Amino acid sequence: MHDPLTAPINGAPQTRTAPPPAPRGPAQGGSIAHFLKRHLRDYGMLITLVAIMALFQVLTDGTLLQPLNLTNLVLQNSYIVIMALGMLLVIVAGHIDLSVGSVCGFIGALAAVLMVNYNWPAFPAAMVCLVAGAIIGAAQGWFVAYLGIPSFIVTLAGMLVFKGLALALLQGQSLGPFPDAFQALSAGFLSELFNQDDPRAITLGLGTLLSAVAVVVAWRHRSAGQRHGMEVEPGPIFLLRQALIVVAVMAMSWLMASYKGLPTVMVVMVVLTLAYDFIAGRTTLGRRVYAVGGNEKAARLSGVRTERVAFLTFVNMGALAALAGLVFAARLNTASPKAGLGFELDVIAACFVGGASASGGVGKIMGAVIGAFVMGVMNNGMSILGIGIDYQQVIKGLVLLAAVFVDVYNKRK
Amino acid sequence: MAELIPTPPARPPEAAAPLLELRGITKRFHGVTALENVHLKVHPGEIHALVGENGAGKSTLMKVVSGVYPHPDYDGEIHFEGEERRFGGIAHSEALGIIIIHQELALVPQLSIAENLFLNHEPARLGVIDRMAMHRRARELLDRVGLRESPDTRVADLGIGQQQLVEIAKALAKSVRLLILDEPTASLNESDSEALLDRLMELREQGIACILISHKLNEITRVADRLTVLRDGRSITTLDCRHEPVSEDRIIQAMVGRDLADRYPRRTPQIGDLLFELRDWRAYHPVQANREVVRGIDLQVRRGEIVGIAGLMGAGRTELAMSVFGRSYGRRISGTALMDGQPVDVSTVPKAIRAGLAYVTEDRKSLGLLLNESIACNTSLANLPGVSRAGVLDAAREHSVAQDYRRQLATRCTDVAQQTMHLSGGNQQKVVLAKWLFSQPRLLILDEPTRGIDVGAKFEIYSLIAQLAESGCGILMISSEMPELLGMCDRMYVMNEGRMVAEFDAAEASQERIMGAIVGARELRHA
């Protein structure tokens with residue numbers, strides 16, 4: 001492949017006479033407003049999350065951000081966030097997966113049968129479960145991608161099948177407890193892993209490291225963009241955002257450190273979130289997912305193997321649903337036939353609250369994660385306030401509708 | 001040209017008041033002026049053509065006339081049947097008999113012709129549809145537009161030309177006074193276009209006025225009584241075509257505000273060795289398994305050669321191209337494709353791209369572009385490895401590649417991060433071309449490369465094609481616009497009903513001979 005920059009048209013002799021482009025400097029002055037407008041959705045979500053957290057912090061008299069509650073909040077939402085990562089890619093590719101809740105429960109049951117009934121050690125059992133999840137995803141993905149059956153129908157069937165299989169595996173009973181090593185996945189804390197009594201050093205250390213890396217990566221990304229004349233965040237916004245990230249990460253670490261430190265599952269969640277954000281935004285694979293969801297025919301005619309891309313999003317979804325199932329089972333320390341019930345709704349809601357489009361091609365990993373936390377904070381806050389489960393559902397439903405309404409409204413404008 | 005102009009039929013003198021008069025229409029969007037002080041008069045029983053480059057304001061003007069942009073959103077006055085009208089919405093203008101037929105037809109494909117004709121005002125009693133009355137009235141309307149199909153036929157089973165006639169019949173059902181057609185023939189072949197234009201002239205006899213928006217100047221000079229040229233949102237001039245023929249060059253000059261000395265770039269073809277060859281290529285319809293759509297095609301393209309494929313809509317040209325390009329069309333595809341005399345595997349799109357093929361689809365919105373993605377993202381799509389390392393995208397490189405093509409093709413946009421849905425047709429086509437140029441093709445297949453593109457952008461695209469050919473790329477160009485094929489090609493094939501029925505060198509080709517080949521093939525078949 002020769003360089004297209006030096007050989008503009010098929011290795012044609014240089015016929016260009018156009019002068020080199022004046023490098024467009026970073027957006028200046030009045031363009032801050034313009035930039036914010038263009039990226040309204042990205043910032044809007046974050047602002048919404050902060051606002052909701054502030055609201056409940058006030059309403060609950062500070063209970064929301066107490067170290068214990070914050071830790072619980074993260075633990076309670078970890079499996080939703082993990083599945084939202086996969087669901088976002090499925091939705092961006094133009095599909096939906098209704099089976100994730102059932103798969104979650106089924107894998108929890110499988111893990112319990114292996115570890116409790118057959119006394120398998122935690123690690124091989126967990127591996128088998130993840131592979132089983134991937135196979136489940138592959139099976140459903142095959143029907144969707146290669147046979148062209150609508151994902152809604154395939155995964156609706158999957159939802160019933162795996163709910164039933166979970167019941168069958170557990171024979172209608174709860175099964176537990178799990179070995180300690182497995183429980184550590186959800187109930188463990190990082191400091192315990194390193195046999196440290198005081199969680200502060202390691203928690204604050206990791207927090208500092210994470211903020212430093214985040215700032216450096218963002219800075220390098222921005223200056224690379226600037227060098228090539230791309231539109232970048234205006235300076236003040238960039239600085240403000242970096243400052244906010246550092247403050248948020250450090251505050252979080254500080255709060256966590258004053259309880260038991262970082263939960264293991266939070267580390268898993270953060271690492272996965274960063275990895276999926278990278279895959280979705282910076283790799284050719286991620287780009288192809290967006291292309292397939294944006295216009296499948298155009299993507300196919302541009303050489304994208306559209307079936308394979310859709311198939312892979314389902315395989316990935318299955319594996320993540322399995323991981324979420326393990327996390328959930330470990331957290332409850334028991335596999336229940338009711339585990340996973342209705343999770344798919346929370347996961348799908350997280351993606352749509354986070355800005356994904358039901359028609360595919362649009363959505364961001366960070367949006368889905370923030371969406372999951374918006375819903376999670378509301379759950380948690382309303383529970384602290386003693387609002388009944390009945391009205392919690394009503395309010396969550398209205399928030400989902402409102403988020404999508406704002407999207408549609410902005411698009412019309 | 002003069003013999004093509006029909007003698008003006010005897011009609012009442014137009015001293016009568018105009019049916020529609022626009023006075024000083026100005027329309028702004030967020031401070032951007034789309035229309036400025038536009039004046040237009042349309043008389044009863046007149047075909048009034050509205051021409052102008054893409055973005056000249058034709059569609060915006062028609063949206064003002066039909067009430068899509070309601071009254072206080074614009075300045076100026078709309079007079080219809082002698083009274084000033086302030087439309088509050090499209091229902092208001094339709095009630096007075098102003099009906100727009102958009103380029104994207106507004107028919108429900110799953111419903112029958114009759115159901116479409118009376119959609120939302122079905123002949124009914126107490127909400128129960130009177131099917132007999134509906135059928136009878138549909139029959140009458142179809143007779144008026146000359147469509148010989150049962151009113152019970154599903155619209156999905158009709159060709160695009162027939163669907164256009166259904167749209168016109170639908171307008172007649174609403175007792176139309178002023179019919180506005182937005183590029184009605186853009187997706188029609190020559191004979192369907194002729195038929196449609198004949199219908200319009202019949203409607204004129206019935207006293208129905210018509211505003212015809214079109215890029216096809218030969219059609220306009222044929223049917224229009226008068227034409228108004230819009231440029232940059234202003235009405236430049238109104239020309240009368242009834243008494244003396246107006247030359248296409250004169251119209252073009254008014255449209256672009258400059259002389260277009262030549263509509264096609266001059267080139268000295270440098271034709272090299274045989275590059276690409278098809279032998280006995282066949283493909284069957286994807287659904288009707290026994291229908292052979294491409295029937296044993298042999299075809300050759302040399303390096304640096306521009307080869308055209310002429311033919312009517314449905315002749316199998318797009319099907320041929322798509323079946324070659326990674327079997328994107330049809331089943332049971334057989335035959336040999338050779339590159340440099342060696343058989344190549346083109347059985348999937350990635351393989352076809354690797355073999356050096358590129359295919360610019362005829363339908364750029366639904367098959368060519370990711371409309372909600374950026375120009376940069378679209379540019380790199382067919383060659384992602386070219387902007388990535390080990391599967392990781394290099395955003396800066398992608399950006400500079402896109403910038404480079406933007407400059408080369410003179411794509412007009414705010415920057416390459418702009419979504420392609422906001423670009424005009426010509427600029428969208430340039431993005432599609434950029435995508436395929438970046439894939440480094442050796443044979444570029446173009447399917448209706450200038451459909452729906454204005455005159456200025458057309459010339460730029462022709463120049464680019466010529467430049468590519470000069471660099472040694474083989475070009476296979478499918479087009480329904482014969483002047484375009486005659487202006488650009490070194491050699492051309494004529495395809496009809498899945499077969500190649502003729503082949504002409506540039507020197508010996510003419511519209512008459514091409515048409516003759518098509519018609520001749522038909523006669524042979526039916527003999």
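## Strand 3 of chain B and its surroundings

Strand 3 of chain B and strand 11 (residues 226-231) of chain B pair in the parallel sense over four bridges. Strands and helices here are DSSP runs numbered from the N terminus, with at least two residues (E) for a strand and at least four (H or I) for a helix; two strands pair if DSSP finds at least two bridges between them. This is a predicted model, in which local features need pLDDT of at least 70, side-chain atom pairs count only at pLDDT 80 or more, and totals for chains, interfaces and linings use all residues. Residues are numbered from 1 along each chain as its sequence is written, and chains are lettered from A and ligands numbered from 1 in the order in which they are written.

Strand 3 of chain B also pairs with strand 10 (residues 209-213) of chain B, again in the parallel sense and over four bridges. The table lists one bridge partner from each of these strands.

| Residue in strand 3 of chain B | Bridge partner | Strand of the partner |
|---|---|---|
| B:Ile47 | B:Cys210 | strand 10 of chain B |
| B:Leu50 | B:Thr228 | strand 11 of chain B |

Five of the five residues of strand 3 (residues 47-51) of chain B are buried, so this strand is largely enclosed by the rest of the structure. A residue is buried if 20 or more other C-beta atoms, placed from the backbone, lie within 10 Å of its own, exposed if 12 or fewer, and partly exposed in between. In a regular strand the side chains alternate between the two faces of the sheet. In strand 3 of chain B, B:Ile47, B:Ala49 and B:Val51 point one way, while B:His48 and B:Leu50 point the other way.

Elsewhere in chain B, four strands form an open antiparallel sheet in the order 14-13-16-17. Its edges are strand 14 (292-302) and strand 17 (342-343), each of which pairs on one side only. Strand 13 (residues 274-284) of chain B is joined to strand 14 of chain B by eight antiparallel bridges, and B:Glu277 stands opposite B:Gln300 in strand 14.

Chain B as a whole has 17 helices and 24 strands. Its radius of gyration is 24 Å, close to the 24 Å that the globule rule gives for 527 residues, so chain B is as compact as a globular protein of that length. The radius is taken over C-alpha atoms, and the rule is 2.2 Å times the number of residues to the power 0.38. Of the 527 residues of chain B, 47% count as buried.

In chain A the mean pLDDT (the predictor's confidence in each residue, from 0 to 100) is 86, and 92% of the residues reach 70 or more. Over residues 1-29 of chain A the pLDDT is below 50.

The largest nonpolar core has 190 residues, and A:Met83 and A:Ala84 have the most contacts inside it. Such a core is a set of buried Ala, Val, Leu, Ile, Met, Phe, Trp, Tyr and Cys residues joined through C-beta atoms within 7 Å. Helix 14 (residues 306-332) of chain A supplies the largest share of this core, 18 residues. A second, separate core of 70 residues includes B:Val42, B:Ala114, B:Val155 and B:Ala224.

The contact between the chains takes 36 residues from chain A and 43 residues from chain B; two residues are in contact if their C-beta atoms, placed from the backbone, lie within 7 Å. Helix 12 of chain A gives the most to the side of chain A that touches chain B, with six residues.
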